Amino acid sequence: MNMAKVGDIVRFLSSTGGGRIARIDGNVAYVEEEDGFETPVLLKELVVVTPAGDTSMKRDAFGGTAQNAQRREAEQKAKAVTTKLPETGVTVAPAGVDINDEAPLEKVEETATGDRINLVLGFQPVEIKHLTTTTYEVYLVNDSNYYLYFTFLSRADGDEGWTTRYAGIVEPNIQLFLEELDREQAGRLDRIALQYVAFKRDKQFRLKAPVAVERPLDTTKFYKLHCFRDNEYFDTPVLAVDIVRNDVPQRPMAIDSARLEDAMVQKRRQDERPVRRPVQHRDTGNKNEPLVVDLHIAQLLDNTRGMSPAEILNYQVDTFRKVMDENLRNPGRKIIFIHGKGEGVLRQALTKELTHRYKGHDVQDASFREYGYGATQVTIRNFRH
């Protein structure tokens with residue numbers, strides 16, 4: 001977005017309308033509108049349509065650059081400000097011209113399929129061959145027989161709330177220019193949202209429910225040529241985002257976004273919890289054969305992400321207790337607990353358990369030849385609760 005200066009023709013970002021900057025006081029511009037009144041507006045809430053004294057680079061209705069843009073704009077205003085795309089019947093409002101302020105109220109030419117709302121946001125590169133430096137024009141296509149009061153909002157990853165980018169009304173079968181984005185601004189459109197209420201003027205109509213649609217936007221697409229494609233509503237390739245298709249909102253906002261983020265965080269935490277599975281042991285069914293229980297955490301859990309060393313040790317000890325409790329009614333049962341050599345922390349914990357909680361059972365080192373270092377054999381001698 002260009003830095004506005006006195007004499008520039010500008011549009012308001014947060015509402016409809018605009019005019020010429022008469023003076024600037026700090027970060028506030030006083031915009032002279034058609035009625036002659038000056039409206040104070042923050043500079044950051046303005047987009048420059050025509051720089052002061054510059055008529056050579058004014059954008060036309062379809063995003064092209066033309067030397068005689070002002071003359072063409074005057075001709076378009078004389079034709080009720082709009083141009084029709086023959087393929088769709090959707091009207092295109094020239095960049096920098098607000099049809100809500102400029103155009104006279106005309107009878108709506110309804111289309112046969114227009115009672116079903118189709119709404120598309122189009123991001124059109126000004127210089128598609130220079131995606132690393134180009135700006136992007138944003139258009140809203142209202143392919144329906146309804147007027148729409150709407151707000152267009154965005155949210156960057158990490159932002160606490162939404163930012164209103166445009167609020168106003170779009171007429172039936174109209175393609176409306178919303179704003180022009182530079183590279184940095186486009187890169188912050190991680191999520192976009194559009195809310196609207198539909199109605200018709202001077203006639204009865206079928207009531208439409210208010211709609212709020214939130215969509216994620218992969219901002220890396222702004223720098224990939226193949227992501228800009230031909231579209232029925234535009235005469236040059238665009239990055240098009242469907243908002244509503246045949247009255248069906250695309251990804252409607254079902255819950256508050258803050259709650260959605262909380263739910264996603266909780267889901268990630270659940271995904272990181274270890275996957276529990278049965279204790280791995282070898283049991284031949286022969287009472288005289290020892291029951292072998294490997295207490296290495298990798299044998300007990302598929303995933304230990306998010307677990308502290310203390311939590312891992314507690315899980316291993318709990319497994320030991322479970323096996324012991326299940327076999328207390330089997331006098332003479334031999335159980336081999338493989339705990340590994342390591343630093344001896346697990347072995348010490350097991351020794352403490354066998355000394356206090358499970359005292360009275362025979363305890364010895366397991367066969368080195370069969371189990372190597374780091375295994376303890378327990379022989380159940382009597383039943384205890």
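Here is a walk through the model, from the whole chain down to a few strands and one helix residue.

Keep in mind that this is a predicted model, so let's begin with confidence. The protein chain averages a pLDDT of 78, and 75% of the residues score at least 70. Two stretches deserve some caution. Over residues 253-257 the pLDDT stays under 50, and the model gives that stretch seven contacts beyond four places in sequence. The score also stays under 50 over residues 275-281, where the model has 19 such contacts.

Now for the overall make-up. You'll find eight helices and 22 strands in the protein chain. Of its 385 residues, 43% count as buried. About 21400 Å² of the chain is exposed, with carbon and sulfur atoms supplying 48% of that area. If you look at contacts with a separation of 6 or more, 63% of them come from residues 24 or more positions apart.

Let's zoom in on strand S3, residues 28-32, which pairs with a strand on either side in sequence. With S2 (residues 18-25) the pairing is antiparallel and runs over five bridges. One place to spot it is Arg20, whose bridge partner in S3 is Glu32. The hairpin of S2 and S3 has two residues between the strands, and Gly26 takes a positive phi near 65° there.

Going the other way, S3 is joined to strand S4 (residues 38-42) by five bridges, again in an antiparallel run. Here Ala29 stands opposite Val41 in S4. The hairpin of S3 and S4 has five residues between the strands, and in it Gly36 has a positive phi near 90°.

Which residues of S3 make up its covered face, and which its uncovered one? Ala29 and Val31 are on the covered face, while Val28, Tyr30 and Glu32 are on the uncovered one. That every-other-residue pattern is no surprise, because side chains in a regular strand alternate between the two faces of the sheet. Put the pairings back in and you can place two of these residues: Ala29, from the covered face, is the one opposite Val41, and Glu32, from the uncovered face, is the one bridged to Arg20.

Last stop: helix H6, which covers residues 309-327 and includes Asn327. Is Asn327 buried or exposed? Asn327 counts as buried, because its relative accessibility is 7%. Leaving aside neighbours within four places in sequence, Asn327 is in contact with Leu291, Arg333, Ile335 and Ile380.

Key:
Residues numbered from 1 in each chain as written. Predicted model: local features only at pLDDT ≥ 70, side-chain atom pairs only at ≥ 80, totals over all residues. Heavy atoms only, no water. pLDDT = per-residue confidence, 0-100. Contact = heavy atoms within 4.5 Å. Helix = DSSP H or I, 4+ residues; strand = E, 2+ residues; numbered from the N terminus. Buried < 20%, exposed > 50% of the residue type's maximum accessible area, 1.4 Å probe, protein only. Areas by Shrake-Rupley, 256 points an atom, 1.4 Å probe, with all protein chains shown as cover. Pairing = 2+ DSSP bridges.
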